[in-house]
Amino acid sequence: MLTLAEVEAIAREAHVGQTDKAGRPYAEHLQAVAEGVRARGGSDEQVAAAWLHDAVEDDRLPEEWLRGAALPQAVKDMVLALTKRPGEDLEAYTARVLAVPGARLVKEADLAHNADPDRLAVLDEATRARLTAKYARVRALLGLSGG
């Protein structure tokens, strides 16, 4: 099985050159989500899923790689649950996240970082408003309180 350090290295390498909406290196987001999972009491499997949560969705690692990777099935299941599919509505996406043990906590940490006021502040007003509303809706669908 891959260690957490190996998973982190794979995720960092997979996202090299990618930036977030604010122009920051994408690995900073992955690290923040992994740290958020750990701070919320998440398991090593959830931390591994946090490092990989956007890899398939962002076409950085193929789903076939994930299926064949030396990872616990729980990690693979969480990553696939967290992977939004083209044209998928938020209700279907959040239902899948809720159906997979451990995935909700990873998504909670992801949303917390995405909705960080400091990150949102650098975006234009229209994008900031759209994302703030989207994140609030996802939180509500997942049964998460607060923002």
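## The largest pocket

A pocket here is an open set of grid points where a 1.4 Å probe fits, with protein on both sides within 12 Å along at least five of seven lines. By that yardstick, the largest pocket in this predicted model has a volume of about 440 Å³. Its lining takes in 26 residues, and Lys21, Tyr26, His29, Asn114 and Tyr135 are the ones nearest the centre.

Where does the lining come from? Helices H2 (26–39), H7 (103–114), H8 (117–121) and H9 (125–141) are the elements that each give two or more residues to it. H9 gives the most, with five residues. Sorted by class, the lining of the largest pocket comes out as eleven charged, ten nonpolar and five polar residues.

## H3 and its partners

Helix H3 (residues 44–52) turns up in two packings, so let's take H1 (residues 4–14) to begin with. The axes of H1 and H3 come within 8 Å and cross at roughly 10°. Angles under 35 degrees count as roughly parallel, and therefore H1 and H3 are roughly parallel to each other. On the H1 side, the contact uses Leu4, Val7, Glu8, Ala11 and Arg12, while H3 brings in Asp44, Val47, Ala48, Trp51 and Leu52. That set is made up of seven nonpolar and three charged residues, with no polar ones.

Now for H2 against H3. Their axes also come within 8 Å, but the crossing angle is roughly 160°. With the cut-off for roughly antiparallel set at over 145 degrees, that makes H2 roughly antiparallel to H3. The crossing is right-handed. H2 makes the contact through Ala27, Leu30, Gln31, Val33, Ala34, Val37 and Arg38, and H3 through Asp44, Gln46, Val47, Ala50 and Trp51. By class, the contact of H2 with H3 has eight nonpolar, two polar and two charged residues.

Put the two lists next to each other and some H3 names recur: Asp44, Val47 and Trp51 are in the contact with H1 and in the contact with H2.

## H6 against H7

Further along the chain, helix H6 (residues 90–99) packs on H7 at an angle of about 125°, their axes 7 Å apart. That angle is in neither the roughly perpendicular range of 65 to 115 degrees nor the roughly antiparallel one over 145, so H6 and H7 are oblique to each other.

Which residues make this contact? Tyr93, Val97 and Leu98 do it for H6, and Ala103, Arg104 and Lys107 for H7. The split is four nonpolar and two charged, with no polar residues. H7 is also one of the helices giving two or more residues to the lining of the largest pocket.

Notes. Residues numbered from 1 in each chain as written. Predicted model: local features only at pLDDT ≥ 70, side-chain atom pairs only at ≥ 80, totals over all residues. Heavy atoms only, no water. Axes fitted to C-alpha atoms, helices over the stretch in contact; angles between N-to-C directions. Helix = DSSP H or I, 4+ residues; strand = E, 2+ residues; numbered from the N terminus. Contact = heavy atoms within 4.5 Å. Nonpolar A, V, L, I, M, F, W, Y, C, P; charged D, E, K, R; others polar. 1 Å grid on protein atoms, 1.4 Å probe; cavity = no way out; pocket = protein on both sides within 12 Å on 5 of 7 lines; lining within 4 Å. Points joined across faces, edges and corners; volume = space filled by probe spheres on them. Left-handed = near helix turned anticlockwise from the far one by under 90°.
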